[in-house]
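Reader: I'd like to learn how to read salt bridges, burial and disulfides off a model. Can we walk through one together?

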Amino acid sequence: QVQLVESGGGLVQVGGSLRLSCAASGFTFSGSLMRWCRQAPGKERELVATISSAGTSTNYADSVKGRFTISRDNAKNTVYLQMSSLKPEDTAVYYCNAVGSTPKWEYDYWGQGTQVTVSS
């Protein structure tokens, strides 16, 4: 059974930091591209950060560059999002996403999301 379980969300003040975690199981985590996305109320889901399967390549949305860092530990099947200098506009539900393929199919798995609220 595929599972992506996010944790680490919460309420934080402007300028504060949070570290999100996403624990994966049920698929080949080390072979998967991992992403963090977010969705604010009334807005479309937004891609925040991406990390390659080996963790050697990362990409960020312009809105979070220099403030957020994505990382992964393939030994623990976990991907992280370190968020600092948080702003009210970072308030959203943050989702973990796994993308990859096997010889038989392609997959695109999502977690249930974790709420991040930045208060001013």
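Author: Sure. Keep in mind that this is a predicted model. Let's start with arginine 38, which sits in strand 4, residues 33–39.

Reader: Is arginine 38 buried or exposed?

Author: The way to read this is to compare the relative accessible area with a cut-off: buried means under 20%. Arginine 38 comes in at 5%, so it counts as buried.

Reader: Which residues does arginine 38 touch, leaving out those up to four places away in sequence?

Author: Quite a list: Glu44, Arg45, Glu46, Val48, Ser63, Val64, Phe68, Glu89, Asp90, Ala92, Val93 and Tyr94. With tyrosine 94 there is a side chain to side chain polar contact at 2.9 Å.

Reader: Now for charges. How many salt bridges does the structure hold?

Author: For a salt bridge, you look for a side-chain nitrogen of Lys or Arg within 4 Å of a carboxyl oxygen of Asp or Glu. The structure has 4 of them. One pairs arginine 38 with glutamate 46, with 2.8 Å between the closest N and O atoms. Glutamate 46 is partly exposed, at a relative accessible area of 29%.

Reader: What is the distance between the closest N and O atoms in the salt bridge of arginine 38 with aspartate 90?

Author: That one is 2.9 Å. Arginine 38 is in strand 4, while aspartate 90 is in the loop between strand 8 (78–83) and strand 9 (92–101), so this pair ties together parts 52 residues apart in sequence. Aspartate 90 is buried, with a relative accessible area of 0%.

Reader: Which arginine forms a salt bridge with aspartate 90 at 2.7 Å?

Author: Arginine 67, with 2.7 Å separating the closest N and O atoms. This pair also links distant parts of the chain: arginine 67 belongs to the loop between strand 6 (58–60) and strand 7 (68–73), aspartate 90 to the loop between strand 8 and strand 9, and they are 23 residues apart. Arginine 67 and aspartate 90 are both buried. Follow the shared partners and the salt bridges join Arg38, Glu46, Arg67 and Asp90 into one network.

Reader: On to sulfur. How many disulfides does a search of the whole structure find?

Author: Here the check is for a pair of cysteine sulfur atoms within 2.5 Å. The search turns up 1 disulfide, and it joins cysteine 22 to cysteine 96 with an S to S distance of 2.2 Å. Its S-S torsion is about -80 degrees, so the disulfide is left-handed. The two ends come from distant parts of the chain, cysteine 22 from strand 3 (residues 18–25) and cysteine 96 from strand 9, 74 residues apart. Both cysteines, 22 and 96, are buried.

Reader: And what about cysteine 37, where is the nearest cysteine sulfur?

Author: Cysteine 37 is in no disulfide; the nearest cysteine sulfur belongs to cysteine 96, 9.0 Å away. At 6% relative accessibility, cysteine 37 counts as buried.

Reader: Let's finish in a loop. Where does serine 85 lie?

Author: Serine 85 is in the loop between strand 8 and strand 9, and it is partly exposed, with a relative accessible area of 41%. Beyond its neighbours within four places in sequence, serine 85 is in contact with Gly15, Gly16, Ser17, Arg67 and Asp90. You can also check C-alpha distances: serine 85 and phenylalanine 68 are 17 residues apart along the chain, with 8.5 Å between their C-alpha atoms.

Note on methods:
Residues are numbered from 1 along each chain as its sequence is written. This is a predicted model: local features need pLDDT of at least 70, side-chain atom pairs count only at pLDDT 80 or more; totals for chains, interfaces and linings use all residues. Side-chain values use heavy atoms; hydrogens and water are left out. Helices (H or I, at least four residues) and strands (E, at least two) are DSSP runs, numbered from the N terminus. Buried means under 20% relative accessible area, exposed over 50%, partly exposed in between (1.4 Å probe, protein chains only). A polar contact is a pair of N or O atoms within 3.5 Å; within protein, one must be able to donate a hydrogen and the other to accept it, and residues adjacent in sequence count only if both atoms are side-chain atoms. Contact means heavy atoms within 4.5 Å.
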